[in-house]
Amino acid sequence: MFRGERLVLNNVSFSLSNGGVLLLRGANGAGKSTLLRALAGLTPLAAGTLFWDGVDALEDFAEHAARIAWLGHLDAVKPALTPAEHVGAGALGAVGLAAYADLPARLLSAGQKRRLAIARVVASGRKLWLLDEPTTGLDAASVAQFLRLCEAHRADGGMIIASTHTPLDLAAPEVLTL
Amino acid sequence: MIDLIWRELRLSLRHPADSAAALLFFVIAGTLFPFALGPGPTTLAAIAAGVVWVCALLAALLPLDRLFGADFEDGTLDLLLLSGLPPYAVAFAKTAAHWLTTGLPLLVISAPLAIMLRMPAGRLPLLLLTLLPGTALLSLIGTLAAAITLGARRAGVLMPLITLPLMIPTLIFGASAVTSPHPAAALYMLGAMFLGALPLAPLGAGAALRAAAE
């Protein structure tokens, strides 16, 4: 995989089953975000294949996109919209933002915006969560809440691939160091 | 796709400055011509259609750099591409939102501007008729240019350099339809260009969005 003209990842291979979680570790610039973007189909693979149930997942981008809930390192929060307008009021309780449902997002703190972005992932109902540094800006209580949401998603058969610098206390994670 | 258009309209209503700036530019630029050329009704009436068309073209360019720019900077573009909508549908929704928030208001206020420029009242319906596909073409081609220049250095400079030459045929047929004694041919050409751009511009813009996200 290339970032611009630079080869950042080579010979990467892994598999993930229903309910599985894969944590991507590595130094800054190791290619964690690039790998996540490639898995989402946002960045093309220079070589190799991404399989989903034995079929080339990127053959049909729209079908692949419909499986993925994406949390990038940016929150994708519009300051002028309220949290309820971003994800629907029903999804905000899971991340403790119900009280701020009708407040313009520009008035939220950085941590609250991150929680709003997490609420969008949870509300998506999609099978594979791709999370880039998901706990950035979160306090300890919010991290614990996020971990509970992850475990609930896994219990439903969902899969998670997350890049992280800080340890995430998830049950039986697989770790890929880049 | 309807949800995305509604969301864009809601954002535009909460931040009306972009659309308002385009409309104000349109009116102010149009009112400069009588100051420069004099208030003679014959002179103004002769150039009114061209002035309205050129001012509309330039005004419609103003909000284009934020059409995808804000989404690109805050990470929303990735979500749009992963929303399940094909990239061309995302681009089409943005085009529709641009037309509704900029093209349509320009169309509406072009009538008073044309009257101020002494355009004969009988020509007004024709002006509005040409601006209907004309402003839609502006939105379609502008969206394509905005997507192509997304993430580029000096995108704000590049975008008019791409859009303006592509709009020259629209400008020629649009302005000449209003002034010509036989406007049908020019109107047909405008309609044909609109029908051609309607599928092609979103397809091109969608491909450019995918490339920008890489």
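Biologist: What makes S6 and S9 of chain A the edge strands of the open sheet?

Modeller: In this predicted model, 5 strands of chain A form an open sheet in the order S6-S7-S8-S3-S9, with parallel pairing. S6 and strand S9 (174-177) each pair on one side only, and that makes them the edge strands. From one strand to the next, the twist averages 15°.

Biologist: How do you know that S6(A) and S7(A) pair?

Modeller: Two strands pair if at least two bridges are found between them. S6(A) and strand S7 (residues 128-132) of chain A have 4 bridges, in the parallel sense, so they meet that condition. Within this pair, Trp70(A) stands opposite Leu130(A) in S7(A).

Biologist: How do you know that S3(A) and S9(A) pair at the other edge?

Modeller: The condition of at least two bridges applies here as well. Strand S3 (residues 21-25) of chain A is joined to S9(A) by 4 bridges, and the two run parallel. Leu24(A) has Leu176(A) in S9(A) as its bridge partner.

Biologist: What covers S6(A), one face or both?

Modeller: Both faces of S6(A) are covered. Ile68(A) and Trp70(A) are buried on one side, and Ala69(A) and Leu71(A) are buried on the other.

Biologist: Why is Ala76(A) called buried?

Modeller: A residue is buried if 20 or more other C-beta atoms lie within 10 Å of its own. Ala76(A) has 20 C-beta neighbours inside 10 Å, so it counts as buried. Ala76(A) is placed in the loop between strand S6 (68-71) and helix H3 (83-87) of chain A.

Biologist: What is noted about the phi of Ala76(A)?

Modeller: Ala76(A) has a positive phi of about 55° and is not a glycine. Most residues other than glycine have a negative phi. Arg118(B) is also not a glycine, and has a positive phi of about 65°.

Biologist: Why is Arg118(B) called partly exposed?

Modeller: The class lies between the limits of 12 or fewer for exposed and 20 or more for buried. Arg118(B) has 17 other C-beta atoms within 10 Å, and is therefore partly exposed. Its place is the loop between helix H6 (87-116) and helix H7 (124-148) of chain B.

Biologist: How do you know the class of Leu128(B), a residue of helix H7 of chain B?

Modeller: Leu128(B) has 17 other C-beta atoms within 10 Å, so it is partly exposed. Leaving aside neighbours within four places in sequence, Leu128(B) is in contact with Leu107(B), Ser110(B) and Ala111(B).

Biologist: Why are H3(B) and H6(B) called roughly antiparallel?

Modeller: The axes of helix H3 (residues 41-61) of chain B and H6(B) come within 10 Å and cross at roughly 150°. Angles over 145 degrees count as roughly antiparallel, so H3(B) is roughly antiparallel to H6(B). Their crossing is right-handed.

Biologist: Which residues meet there, and how do they divide by class?

Modeller: Among the residues of H3(B) are Ala48(B) and Val52(B), and among those of H6(B) are Thr102(B) and Leu106(B). The contact divides into 8 nonpolar, 3 polar and no charged residues.

Biologist: How many residues bring chain B into contact with chain A?

Modeller: 15 residues of chain B are in contact with 17 residues of chain A. On the chain B side, helix H1 (2-14) and helix H5 (76-81) are the elements that give two or more residues. The largest share, 4 residues, comes from H5(B). By class, this side has 6 nonpolar, 4 polar and 5 charged residues.

Technical notes:
Residues are numbered from 1 along each chain as its sequence is written. Chains are lettered from A and ligands numbered from 1 in the order in which they are written. This is a predicted model: local features need pLDDT of at least 70, side-chain atom pairs count only at pLDDT 80 or more; totals for chains, interfaces and linings use all residues. Axes are lines fitted to C-alpha atoms, for helices over the stretch in contact, and angles run from 0 to 180 degrees between N-to-C directions. Angles under 35 degrees count as roughly parallel, over 145 as roughly antiparallel, 65 to 115 as roughly perpendicular and the rest as oblique. A crossing is left-handed if the near helix is turned anticlockwise from the far one by less than a right angle, and right-handed if clockwise. Two residues are in contact if their C-beta atoms, placed from the backbone, lie within 7 Å. Ala, Val, Leu, Ile, Met, Phe, Trp, Tyr, Cys and Pro count as nonpolar, Asp, Glu, Lys and Arg as charged, and the others, Gly among them, as polar.
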